[in-house]
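Visitor: I would like a close look at a single part of this protein, with enough of its surroundings to place it. Could you walk me through the antiparallel sheet, strand by strand?

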Amino acid sequence: GHYNHGHKSKVTAGRAVVFDEFPDAYETTHGPGVQGAVSYWLQTTDGVPFDDYTDLVEHRTDESRRAEALLWFDEHGVEPDETHVFDDASAHAAAPLLVFTLLASDDLGNGVEQVRFDGDTDGIGVFNRASGEVSLLRPPELRYASSVVALDGTPTKRMWELALGERLNHRPVLQDGERTEYIRDALNLNLVRTTEYVKPYNSADHVNTDADAALFEEIAEKHGDRPSVITTTTAEHEYDADGVLEHVAETKHYGNVLGSNEFDDTRLGAVVGSNHYGDQYIKKWGAYAGEAVERDGGKGEALSYTGFGDDVLRHMREHDTLQAAMRFGRDGNGAVVYVH
């Protein structure tokens, strides 16, 4: 099934529920585009004393109006409102959750606010004051599942627990030495490290198209074939603009290959640039955990964050990179993969 089936108790009840790879499906981020949806919900809901999105954001600290609005949620619950989406094109089912997040969240002290939902809708709401984004993490309905199994070759345990709303025991199938042996001998992957540096590639300013083109040309000269490449969407656009794509067989971006067998019989690959979605992404996941995460200094490989932040950094950088490298030669006949 799909990750979204996890929200249906009739699907999960009494079953061993298995999640394969980290489930991004339970987290959504809502930017300025939902202002209209929030305004529509406020204008069509009696008992919540705010006129529209702007009124809510500007006057949510008015204790009298805030208390009246929170009383409405006490009486009606914090639930999505799917019925409104049939009434108006600008409506959004998550509007009540967004409103509640703006009203009830606690300031963590780093520009991010957080609130936990209780009741039929479990989850966490996070408001980033700098960007104006509201993020919702709504774990699946697993209270009646007989057991929960999470499968991940590069797990970040605490992120899994937040995403599923469950306590998990981490049980490695392979020990460290066995992992190396498995990658080398069972998967027949030859991972070639090309640089000692960390290369975040989510900003166009960081993408070195000339150097990457030279790398692809050298790989092709050595192996007599052009490599297939996994990189960021930003780098794909830069490669296209600067004519680098003529040096590669095919490109895919990180978010489009997890769980994919697109390159299962591809023998020559390159993974170029690592993911870094920015400090706000790390602050957001820190907020889901109830922590005020801050950048702790350093650059490149020495970059560090406080508390839970380094775990999130490793999840999006090292783990994503290794997962991408393991997309090649998955049919058992292996591949040479350059990791740049």
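Guide: Happy to; here is a tour of that sheet, followed by what lies around it and elsewhere in the chain. Please keep in mind that this is a predicted model.

Let me set the scene first. The chain has 340 residues, of which 45% are buried. Its secondary structure amounts to eleven helices and 14 strands. Along the principal axes, the C-alpha atoms fill a box of roughly 70 × 45 × 40 Å. Contacts across the sequence are plentiful in one sense: among those between residues at least 6 apart, 63% join residues at least 24 apart.

Now to the sheet you asked about. Five strands make up an open sheet, ordered β2-β6-β5-β4-β3, and their pairing is antiparallel. β2 and β3 (106-107) are the edge strands, each pairing on one side only.

Let us start with strand β6 (residues 134-137), since several details meet there. In a regular strand, side chains alternate between the two faces of the sheet. In β6 both faces are covered: Val134 and Leu136 are buried on one side, and Ser135 and Leu137 are buried on the other. On one flank, β6 pairs with strand β2 (residues 27-30) in the antiparallel sense, over four bridges. Within that pairing, threonine 28 stands opposite leucine 136. Strand β5 (residues 123-128) is also joined to β6 by four bridges, and these two strands run antiparallel as well. Here glycine 125 has leucine 136 as its bridge partner in β6. Leucine 136 therefore makes a good landmark when you turn the model: look for threonine 28 opposite it in one pairing, and for glycine 125 as its bridge partner in the other.The hairpin of β5 and β6 has five residues between the strands, and one of its residues, glycine 132, takes a positive phi near 75 degrees. Toward the other end of the order, β3 and strand β4 (residues 112-117) pair in the antiparallel sense over two bridges. There, aspartate 107 stands opposite glutamate 113 in β4.

Some residues of this region also border an internal space. One cavity of 30 Å³ or more is found, and the largest cavity has a volume of about 30 Å³. His30, Gly31, Val34, Val38, Tyr53, Leu98, Gly132 and Val134 form its lining. That lining has five nonpolar, three polar and no charged residues. Glycine 132, the hairpin residue with the positive phi, and Val134, one of the buried residues of β6, are among those that line the cavity.

Following the chain onward from β6, you come to glutamate 141, in the loop between β6 and β7. Glutamate 141 counts as buried because its relative accessibility is 17%, under the 20% cut-off. Leaving aside residues up to four places away in sequence, glutamate 141 touches Gly6, His7, Ser9 and Thr12.

β7 (147-151) then leads us to the largest pocket, since β7 is one of the elements that give two or more residues to the pocket lining; the others are α6 (157-164), α7 (176-186) and α11 (309-325). The largest pocket has a volume of about 1200 Å³. It is lined by 36 residues, and the closest to its centre are Leu151, Asp152, Gly153, Pro155 and Val173. By class, the lining of this pocket divides into 17 nonpolar, nine polar and ten charged residues.

For contrast, have a look at the parallel sheet. Five strands form this open sheet in the order β8-β14-β11-β9-β10, with parallel pairing. β8 (189-193) and β10 (250-253) stand at the edges with a single partner strand each, so one side of each has no neighbour in the sheet. On average, neighbouring strands of this sheet are turned by 20 degrees against each other, direction ignored. β8 and strand β14 (residues 335-339) run parallel and are joined by five bridges, with valine 192 standing opposite tyrosine 338 in β14.

Helix α9 (residues 233-242) belongs in this picture too. Its buried residues are Thr234, Ala235, Glu236 and Tyr239, and they pack against α8 (209-223), β9 (228-231) and β10. After α9 comes glycine 243, with a positive phi near 75 degrees.

Technical notes. Residues numbered from 1 in each chain as written. Predicted model: local features only at pLDDT ≥ 70, side-chain atom pairs only at ≥ 80, totals over all residues. Heavy atoms only, no water. Pairing = 2+ DSSP bridges. Axes fitted to C-alpha atoms, helices over the stretch in contact; angles between N-to-C directions. Buried < 20%, exposed > 50% of the residue type's maximum accessible area, 1.4 Å probe, protein only. Contact = heavy atoms within 4.5 Å. 1 Å grid on protein atoms, 1.4 Å probe; cavity = no way out; pocket = protein on both sides within 12 Å on 5 of 7 lines; lining within 4 Å. Points joined across faces, edges and corners; volume = space filled by probe spheres on them. Nonpolar A, V, L, I, M, F, W, Y, C, P; charged D, E, K, R; others polar.
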